[in-house]
Amino acid sequence: WNLTMQYMLMLNEPESEFAKRNDPAAAGAYWGGWNAFIGAMAQAGIIVKGDGLMGPATATTVRVRDGKRLVQDGPFADTKEQLGGYFVIEVPDLDAALDWAARAPCAQMASVEVRPVMPPPMQA
């Protein structure tokens, strides 16, 4: 009987926040906010897995149309927010996952998408 569920927090950021990662004047505050958030989750013991992602300019998108592979440099769409990283956390319920998502620094200027992780399929 499992009393917890796993949720993925998909951390979206605008390009202006990605730029702060390597800006000497802004990087300290940027990473300080993330380190505090990550430290709080680690102390709570809820992190299953997590990674930051390189900026959207490093993305390559693959589509298959009419049997042909189409490769495009860049993210999947021209949007104001791009995926900056993710965490899979293990918490009691959606409300707890939403509470953690609201604490992410990117929730202040962009968004955090929260989704339940699918359990493994039943084996016949």
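## Helix H2

Let's start with H2 (27–44), a helix of 18 residues that reaches 26 Å from its first C-alpha to its last, close to the 26 Å expected at 1.5 Å a residue. That expected span is 1.5 Å times one less than the number of residues. Helices (H or I, at least four residues) and strands (E, at least two) are DSSP runs, numbered from the N terminus.

This is a predicted model: local features need pLDDT of at least 70, side-chain atom pairs count only at pLDDT 80 or more, and totals for chains, interfaces and linings use all residues. Residues are numbered from 1 along each chain as its sequence is written, and side-chain values use heavy atoms, leaving out hydrogens and water.

Which residues of H2 are buried? They are Ala27, Tyr30, Trp34, Phe37, Ala40 and Met41, where buried means under 20% relative accessible area and exposed over 50% (partly exposed in between; 1.4 Å probe, protein chains only). Just after H2, Gly45 takes a positive phi of about 70°.

## The nonpolar core

The largest nonpolar core (buried Ala, Val, Leu, Ile, Met, Phe, Trp, Tyr and Cys joined through side-chain atoms within 4.5 Å) has 20 residues. Leu9, Ile89 and Trp100 have the most contacts inside it, and H2 gives the most residues to this core, with 5. Beyond its neighbours within four places in sequence, Ile89 is in contact (heavy atoms within 4.5 Å) with residues including Leu9, Met41 and Trp100.

## Two sides of H3

In H3, Ala96, Ala97, Trp100 and Ala101 are buried. They lie on the same side of H3 because they cover an arc of only 140° around the axis, taken from the directions from the helix axis to the C-beta atoms. On the other side, Asp95 and Asp99 are exposed.
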